Structure formats: structure tokens, C-alpha cells
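Reader: I should like to understand how the terms used for a structure follow from its computed values. May we take them one at a time?

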Amino acid sequence: MAAQAATWSQLTVDPGTGAPLAISRRRYTPTAAMRRFLGARDATCRFPGCDKPGAATEADHTTEWSQGGTTDTDNLALLCRQHHRLKTLGHWKARQISTAESPSLPGTLEWTAPSGRKYVTYPDADLPPPF
Ligand SMILES: [Zn+2]
């Protein structure tokens, strides 16, 4: 079967869970396994206050592919078409803060509104502790 494969893509997986994590810049589009992982992690659009279900979202590169962003789950988040467009047009800005500032909550996003006000959204599968 391996000899008949047309192409190979390296896929980095979590050694403990087997969750697909990264294919870097070898491919723009996340694999089906990565998309399923994002669906489980994010569940809905990750824009502040939006609850469109994951099935109605697109996988967005938080750091845009054209700006050197990678196709890794720590650089991807689910956004509905409307909010994907707001981010792409630069009206709202987002960055993943989980890897640098909160390694225990991968997929945590910090959003900056046009007013400069900041909002944080958390992945569905790993909610923050109560305050
Ligand atoms: Zn949305």
C-alpha cells in the first residue's frame, strides 16, 4: 500500500493521545484528522460570543499562511464565514496565547477589537477553572 501512495505528508501527533498536531508549511489545508481534532477542541466558532456550530465553520490560520503561519493545531481555530472574513480583513485581530502564556490550554485565543479592547476565548474541551 505504501508503495502505491501518490504523496506523503508528515503528520506530527501527540505521543500520549495520538491527536494530530502539526504539518507545518508542507500543506495549507489541514488534514481530515486535524479538522476532526479542531471540531472536538473548539466545538463552535471561536469569535467572542459566537456559537455557530463547528460544522458551519472553517479552519482559520490564526497567523495567516501568507505571513508564514503554519498548518498546526496551535495555529488553527474554527471560525464561521462571517467572523473569518472580519479577521481576514483585519478588522479584528487574533493570536493564539496558549503556547506561550498558558500551555495547559492549547487553543486559547486573544482577540483585539477595532476599539483596542481585548477578549479571550477558550477551547470548548478544556474550559478554564471558575473564578
Ligand atoms: Zn462566528
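Author: Let us begin with a definition: donors are N, O and S atoms within 2.8 Å of the metal (3.2 Å for Na, K and Ca), and since water is not among the atoms, sites may look incomplete. This is a predicted model, in which local features need pLDDT of at least 70 and side-chain atom pairs count only at pLDDT 80 or more, while totals for chains, interfaces and linings use all residues. Residues are numbered from 1 along each chain as its sequence is written, and side-chain values use heavy atoms, with hydrogens and water left out.

Reader: Which residues are the protein donors of the zinc ion?

Author: They are Cys-45 (SG), Cys-50 (SG), Cys-80 (SG) and His-83 (ND1), at 2.0 to 2.4 Å from the ion. Their spacing in sequence is C-x4-C-x29-C-x2-H.

Reader: Why is the arrangement around the zinc ion called tetrahedral?

Author: Four donors count as tetrahedral if all angles lie between 85 and 135 degrees. Here the angles subtended by the four donor atoms are 94 to 118°, so the arrangement is tetrahedral.

Reader: Is Cys-45 buried or exposed, and what of Cys-50?

Author: Buried means under 20% relative accessible area, exposed over 50%, and partly exposed in between (1.4 Å probe, protein chains only). Cys-45 has 2% and is therefore buried; Cys-50, at 13%, also counts as buried.

Reader: What makes the contact of Glu-64 and Lys-87 a salt bridge?

Author: Side chains of opposite charge can pair when their charged atoms come close. The rule asks for a side-chain nitrogen of Lys or Arg within 4 Å of a carboxyl oxygen of Asp or Glu. The side chains of Glu-64 and Lys-87 meet at 2.8 Å, N to O, and therefore form a salt bridge. This pair links distant parts of the chain, 23 residues apart. Glu-64 is partly exposed because its relative accessible area is 25%, whereas Lys-87, at 7%, counts as buried.

Reader: How many salt bridges does this rule give?

Author: The count comes to six. Among them is Asp-42 with Arg-41, at 2.7 Å from N to O, and both of these residues are buried. Arg-41, Asp-42 and Arg-46 are linked in a network of salt bridges. Another pair is Arg-95 and Glu-110, whose closest N and O atoms are 2.8 Å apart.

Notes. Tetrahedral: all angles 85-135°; square planar, octahedral: opposite > 155°, others 65-115°. Helix = DSSP H or I, 4+ residues; strand = E, 2+ residues; numbered from the N terminus.
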